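Let's take a walk through a protein together, starting with the whole and then going piece by piece. Keep the picture open beside you and turn it as you read.

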Amino acid sequence: MILKLEDIHGYYGKSHILQGISLQVAQGEVVTLLGRNGAGKTTTLKSIVGVVAPTQGKVLFQGDNVAGLPPHKIAARGVCLVPEHRGIFKLLTVEENLTMAARKESAWGLEDVYKIFPRLKERRKNGGGQLSGGEQQMLAIARALMTHPKVLMLDEPVEGLAPVIVDEIVAQIKLIKATGMSIILVEQNLEVCTQLADRHYIVEQGRIAYSGSNQEFLADDGVKDRYLGVNLAA
Ligand SMILES: Nc1ncnc2c1ncn2[C@@H]1O[C@H](COP(=O)(O)OP(=O)(O)OP(=O)(O)O)[C@@H](O)[C@H]1O
């Protein structure tokens, strides 16, 4: 297992948000965190990168407990979160955004990311602020790759995007997966999740309420009703 969470607890002030999250990600695996709004999915990702320091439990990355380390130390080990609001530099060009993020030891160079994101190559001289929402999302993922992650975490990467752009980003995430990247995906779009993932976890009130393989999940309509409040038959 490249990443393993054991009984993680986390608070915002006095609110006990994460109430014992345990999950694991194997090398090269894509797992999702599903669940209703406010269930604790984003907070789980933040607890992995150290932005919300766990008060209890372990975050084992390649066997080392990184819980309690400052975020920059965890990032330097190769755990990378692409946050929901993208955080790209609007006044820098696409290429400047990418080269800024590059690390010397990275296996990912500009041409490697341009191969996955040809639109970014076309727009490399444009400012980050001139990109469409979908292109900004692509740039955020591409920038994360330039940091040489070993685990990539994507928080709602297709939220608010048009279906054709969603398809494009799904295809790009598949290409990234094909390189052997381990990925945790938080996403409300179930179709996207089931196209990409090997396994799913459902988070409910700060706990893991369900886990199963993609096949198990697809075959179990009850689970979607119970935990997600969706009716796939509709
Ligand atoms: N910065 C914060 N300060 C205080 N409470 C917060 C903060 N961020 C989130 N929360 C609360 O923590 C709980 C879990 O939020 P979290 O963002 O992890 O949920 P989520 O499952 O990712 O759902 P969403 O899809 O709505 O982001 C919610 O009740 C939320 O209101």
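What share of the 234 residues in the protein is buried? Buried residues make up 40% of them. Keep in mind that you're looking at a predicted model, and everything below describes that model.

Let's begin with the overall layout. The protein has ten helices and ten strands. Its radius of gyration is 17 Å, close to the 17 Å that the globule rule gives for 234 residues, so the protein is as compact as a globular protein of that length. If you follow the C-alpha trace along its principal axes, it spans about 45 × 45 × 30 Å. Now think about who touches whom. Take the contacts with a separation of 6 or more: 67% of these are between residues 24 or more positions apart.

Next, look for the sheets. Strands of a sheet pair through backbone hydrogen bonds, and they can do that either parallel or antiparallel. One sheet here is open and has six strands in the order 6-7-8-3-9-10, with mixed pairing. Its edges are strand 6 (79–82) and strand 10, each of which pairs on one side only. On average, neighbouring strands in this sheet are turned by 20° against each other, direction ignored.

You can see both kinds of pairing if you pick out two pairs. Strand 3 (residues 30–34) runs parallel to strand 8 (residues 182–186), and four bridges join them. Find V30 and look across: it stands opposite I183 in strand 8. Now move along to strand 9 (residues 199–204) and strand 10 (residues 207–213), which pair in the antiparallel sense over six bridges. Here E204 has R207 in strand 10 as its bridge partner. These two strands form a hairpin with just two residues between them, and Q205 in that turn has a positive phi of about 45°.

That phi is worth a short detour. Most residues other than glycine have a negative phi. H148 goes the other way, with a phi near 65°. You'll find H148 in the loop between helix 6 (133–146) and strand 7 (151–155). On the far side of strand 7, in the loop that leads to helix 7 (163–178), sits E156, and its phi is positive too, at about 50°. Are these two loop residues buried or partly exposed? H148 counts as partly exposed because it has 17 C-beta neighbours inside 10 Å. E156 has 20 such neighbours inside 10 Å, so it counts as buried; 20 is just where the cut-off for buried begins.

Now for the other sheet. This one is open as well, with four strands in the order 2-1-4-5 and antiparallel pairing. Strand 2 and strand 5 (64–65) are at its edges, each pairing on one side only. Helix 1 packs on this sheet and touches strand 1 (3–12), strand 2 and strand 4, while its direction makes about 70° with that of strand 2. Over by strand 5, two bridges join it to strand 4 (residues 56–61), and the two run antiparallel. One pair to look for is L60 and its bridge partner N65 in strand 5.

To see how things come together around strand 2, zoom in on L18, which lies in that strand. L18 is buried because 26 other C-beta atoms are within 10 Å. Leaving aside neighbours within four places in sequence, L18 is in contact with several residues, including I8, H9, T43, T44 and G206. L18 and K41 are 23 residues apart along the chain, yet their C-alpha atoms are separated by 9.1 Å.

That brings us to our last stop, the ligand. Which residues surround it? They are Y12, S15, I17, G35, N37, G38, A39, G40, K41, T42 and T43. Two elements you've already met, strand 2 (15–25) and helix 1 (41–49), each supply at least two residues of this shell. Helix 1 gives the most, with three residues. And what classes of residue make up the shell? Three are nonpolar, seven are polar and one is charged.

Key. Residues are numbered from 1 along each chain as its sequence is written. This is a predicted model: local features need pLDDT of at least 70, side-chain atom pairs count only at pLDDT 80 or more; totals for chains, interfaces and linings use all residues. A residue is near a molecule or strand if its C-beta atom, placed from the backbone, lies within 6 Å of it. Ala, Val, Leu, Ile, Met, Phe, Trp, Tyr, Cys and Pro count as nonpolar, Asp, Glu, Lys and Arg as charged, and the others, Gly among them, as polar. Two strands pair if DSSP finds at least two bridges between them. Axes are lines fitted to C-alpha atoms, for helices over the stretch in contact, and angles run from 0 to 180 degrees between N-to-C directions. The radius of gyration is taken over C-alpha atoms; the globule rule is 2.2 Å times the number of residues to the power 0.38. A residue is buried if 20 or more other C-beta atoms lie within 10 Å of its own, exposed if 12 or fewer, and partly exposed in between; C-beta atoms are placed from the backbone. Two residues are in contact if their C-beta atoms, placed from the backbone, lie within 7 Å.
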